[in-house]
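Trainee: Before we begin, may I ask how the terms used for this protein are justified?
Mentor: Please look at the model first, and then put your questions.
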Amino acid sequence: MSRGLRGRKLRSFARVALAPGALSPQPLDPNLLRPDEVTEALGRLLEKLDAGRGRVSLLLPDGVARMGLIDVPAGVAPGEYARFRWAQTLPYPADEAIVDILSVGPDRAVAAAVRRSVALGYEQAAARAGLSSGRVDLAPLAALSALVRDPPAGAAGVDVILGDAAYCLAATHGGALCVLRNRRRDADAGEAERLRREVDRTAALAGNGTAQARVRVVGPGARGLISELQRSGRAAGPAWEAPMNGLPLEAAELAWLPASLG
C-alpha cells in the first residue's frame, strides 16, 4: 500500500502458494507445521512486491481464534470483560490469550481470543523473512470492521466472511449486528449447499426472513457461493468491488482489502 492525496491505494500485489500441510490454521497447537517452507515462501513473496522489508501488518487466518459477540456492561473495558467471560471456557489458560475487540455499538463488541503461542509462530516466520511485525490482526475481524461501517441496505442482512480453514456469518437486523457465528470450513463438493443452509439459519436466528435478507460475501470462494445463493433465489452479491488495478482476482475474494485501504 502507499498513501496519496485520496488516501491509501494498492501499489502492488503478489501471492505465493504453500504446499499442502505446510500451515494448518487452528486455535491450540503451532500452526506452522513446516516453518522453514513458510519463511521461504514469505521471502519469495517479498521479492515479487514493490516494497521494502520494513514493518508489516500481519493478518492471521480465520480458524485460529475464538470469536463471539458480547454485550458489555457500562463502565467495563470490553477486552477485560471478554477475558473474564471466557476465563473458564477457553481450551488454554486465560493468561495465554491475546484478546482483540471490535466495537459494533455503544454496549456491544465482537471479541476474539488467540493463543499467544499461535500468534508468535506467525510473527517468528515474518521475522525470519526479514520483516518487523507492526499490528497483528485477524483476517475476519479486518473484514468485519469494514462491513459494520457500511451496513447492508434494508432492515435485514447476512454477511459471509470466507477463510481458507473457517468462515464467519454475521447477521444484522435494523442496521445493528445481532448474530455472529464462526464455523470450520469443509471445502468439498457439497460446501455451497451447506453454506446456503448456514446463511438461512443465521438469518432466522437474527429474526430475518431468509428470503428477504440481503447476503454479502467476501473471501476465497466468494464468487462460487454468490452464484449458488442466487440460483436458490437469495439476494446475494459481493460485499465490495474495486477496479482490478493489477489484481489477478476479484476484490471480493480478498476479505482484508478495505481494512488495509481505510
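Trainee: How many positive and negative side chains does the protein have, and how far apart do the centres of the two sets lie?
Mentor: There are 33 positive and 28 negative side chains, with the centres of the two sets 3 Å apart. Lys and Arg count as positive, Asp and Glu as negative, while His and the chain ends are not counted. Each charge is placed at NZ of Lys, CZ of Arg, CG of Asp or CD of Glu.

Trainee: On what conventions does this rest?
Mentor: This is a predicted model, in which local features need pLDDT of at least 70, side-chain atom pairs count only at pLDDT 80 or more, and totals for chains, interfaces and linings use all residues. Residues are numbered from 1 along each chain as its sequence is written, and side-chain values use heavy atoms, leaving out hydrogens and water.

Trainee: What pLDDT does the protein average?
Mentor: The average is 86, and 93% of the residues score at least 70; pLDDT is the predictor's confidence in each residue, from 0 to 100.

Trainee: Why is Ala156 called buried or exposed?
Mentor: Buried means under 20% relative accessible area, exposed over 50%, and partly exposed in between (1.4 Å probe, protein chains only). Ala156 has 12% relative accessibility, so Ala156 counts as buried. Across the protein, buried residues make up 45% of the 262 residues.

Trainee: How far is Ala156 from Gly224 in sequence and in space?
Mentor: They are 68 residues apart in sequence and 22 Å apart in space, C-alpha to C-alpha.
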